[in-house]
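Visitor: Could you take me on a close look at the charged side chains and the contacts they make? I would like one connected walk, with the cut-offs as we go.

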Amino acid sequence: MLPRQRSKQPKKMHFNSTVTAISTPPGKGGVALIRTSGPDAVAIVSRCFFPRSGKDFSATPSRTVVYGDIERDGERIDDGTAVIFRAPHSYTGEDTVEITCHGGVLVTRAVLETLLLAGASPAPAGEFTRRAFLSGKLTLTDAEAIGTLLDAKNYAQIRLCASDARDRLSRRLSDVHDRLLTVVSEIYAKIDFPDEDLAELSPRELTERLTAIAADLDNLLSTYKTGHAISEGIKTVIVGRPNVGKSSLYNLLCGDDYAIVTELEGTTRDVLERTATAGRVTLSLADTAGLRDTDDPVERIGVERARAHMQSAELILAVFDGSQPLTDEDAALIAELKQTDIPTVILLNKSDLHLLPEVRAAFDAFTHVLSLSAKTKTADALTALIEKLFIDGDISVNDTAILTSARQFAALTHARAALSDSLRAFASGLPADVASSDLEIALGALSELDGRAVSEEIVSGIFSKFCVGK
Ligand code: GDP
């Protein structure tokens with residue numbers, strides 16, 4: 001019924017090649033898992049895996065664990081188990097065999113080589129998940145969530161990417177897509193088949209339905225702030241003059257002694273970056289060189305880098321020594337911070353010593369000022385404030401569909417803008433076919449979001465971040 005919908009990426013694609021890779025991390029372990037997927041997976045594994053029962057491996061029922069030997073040129077390399085997952089009931093949607101062997105580095109590699117010699121090709125990074133997506137087993141948002149799950153640094157990320165949360169987002173996107181598709185189909189049906197006895201959508205009903213869809217999109221878009229904070233992380237920079245306690249705070253938030261802390265000024269010269277967690281918020285945290293005028297060329301580069309990080313940050317943690325009178329360097333930083341629109345938290349450190357009232361008074365113009373003792377290792381007030389700034393308290397990660405990536409947010413923003421254009425076009429009385437061209441753009445953006453219609457470039461970008469074997 002809808003003649004003009006784009007579809008750059010055919011669904012349920014089938015692959016000719018059979019690929020294999022070690023799916024467990026490299027190194028010594030109890031066991032290793034080697035996955036082989038594709039039309040010849042069972043035949044290829046049957047050339048090198050021989051059940052101890054003496055039976056033909058290729059006749060093994062699906063999802064049955066078989067114990068046997070892995071052999072190359074008649075020589076036994078290892079013993080282990082193998083399971084066949086026949087299409088479409090496998091992760092990739094195609095025939096897949098998983099061999100579990102001993103987890104030594106060389107033995108695992110030898111089993112992999114045996115499978116390659118038997119006819120499989122090496123699987124590039126993310127290939128199994130890419131196949132799952134292309135064969136319609138996963139949506140693109142699912143695949144993205146799996147990528148985040150593999151890199152998860154905290155439980156909030158795990159909860160956001162768990163299968164329930166993935167399903168919620170997929171269902172919600174699918175629902176909104178289908179409702180828009182129904183509206184567009186009804187409009188085109190009336191245009192393309194004017195003689196058929198089809199019920200006409202009244203302008204009022206049309207506006208109501210599109211407005212409801214727009215409200216749904218707004219609702220989803222509003223979840224991205226929280227999703228971004230948990231899933232992608234807030235780009236956070238710690239700044240301050242030398243010796244105020246920046247590296248101590250960095251170590252406190254990272255949970256270990258990563259940055260060197262000394263009483264000597266200028267110890268941190270370059271920018272140190274790590275992922276840290278503040279409550280449910282993931283921080284891409286940077287510790288920087290102390291801001292001061294210096295003749296040391298290396299330190300000067302460090303100071304320039306600190307300033308560059310500050311300008312591109314989403315959150316500035318500005319540290320001052322609350323136990324000492326403010327210096328000219330402090331004053332220069334305060335003047336700079338007054339000019340910025342980036343959310344800033346002023347931290348008056350060394351509160352275990354006496355905090356000077358005049359230092360506190362110098363920050364009256366700032367909204368977020370906390371006293372802190374990085375040395376006594378408590379940052380609860382800071383954590384609570386960061387959560388308040390970046391997590392929407394009305395959103396429950398356990399039962400809300402939440403956008404988790406900039407790509408999803410951009411596609412949905414595009415869809416929302418096109419929907420507004422079309423609502424305006426309908427309101428100004430433009431003919432239905434003209435006004436609905438914007439609806440098609442909205443539909444295209446939604447299709448791109450969950451991968452119904454998506455360019456190869458986007459797909460490759462997402463799967464290139466996966467590891468080999470996933
Ligand atoms: P940075 O140069 O700003 O990174 O500061 P550091 O983290 O290296 O700390 C400089 C000095 O201040 C070190 O001797 C720290 O042990 C000390 N220091 C840091 N935080 C505190 C604090 O909360 N209380 C006290 N008393 N000393 C601190």
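Guide: Happily; here is a walk through the salt bridges, with a stop at a serine along the way. A word on the ground rules: this is a predicted model, where local features need pLDDT of at least 70 and side-chain atom pairs count only at pLDDT 80 or more, while totals for chains, interfaces and linings use all residues. Residues are numbered from 1 along each chain as its sequence is written, and side-chain values use heavy atoms, with hydrogens and water left out.

Side chains of opposite charge can pair when their charged atoms come close. The structure holds 22 salt bridges, each one a side-chain nitrogen of Lys or Arg within 4 Å of a carboxyl oxygen of Asp or Glu.

Let us begin with E186, whose side chain forms a salt bridge with that of R209 at 3.2 Å, N to O. E186 sits in helix α6 (residues 163–192) and R209 in helix α7 (residues 203–221), so this pair ties together parts 23 residues apart in sequence. Helices here are DSSP runs of H or I with at least four residues, strands are runs of E with at least two, and both are numbered from the N terminus. E186 is partly exposed at 33% relative accessible area, and R209 is partly exposed at 24%. On this scale, buried means under 20%, exposed over 50%, and partly exposed in between, using a 1.4 Å probe and protein chains only.

Staying in helix α7, R204 and E208 are 4 residues apart, about one turn of the helix, and their side chains meet in a salt bridge of 3.3 Å, N to O. R204 is exposed at 63%, whereas E208 is partly exposed at 46%.

Another salt bridge joins the side chains of D218 and R416 at 2.7 Å, N to O. With D218 in helix α7 and R416 in helix α14 (residues 406–427), the pair ties together parts 198 residues apart in sequence. D218 is partly exposed, at 35%.

Now for a network: salt bridges link E94, E127, R130 and R131. S37, in strand β2 (residues 29–37), is in contact (heavy atoms within 4.5 Å) with residues including E94 and R131. S37 is buried, with a relative accessible area of 0%. Its side chain makes polar contacts with the side chains of E94 at 2.6 Å and T92 at 2.9 Å. A polar contact is a pair of N or O atoms within 3.5 Å; within protein, one must be able to donate a hydrogen and the other to accept it, and residues adjacent in sequence count only if both atoms are side-chain atoms.

Terms used: Lists of a residue's contacts leave out its neighbours within four places in sequence.
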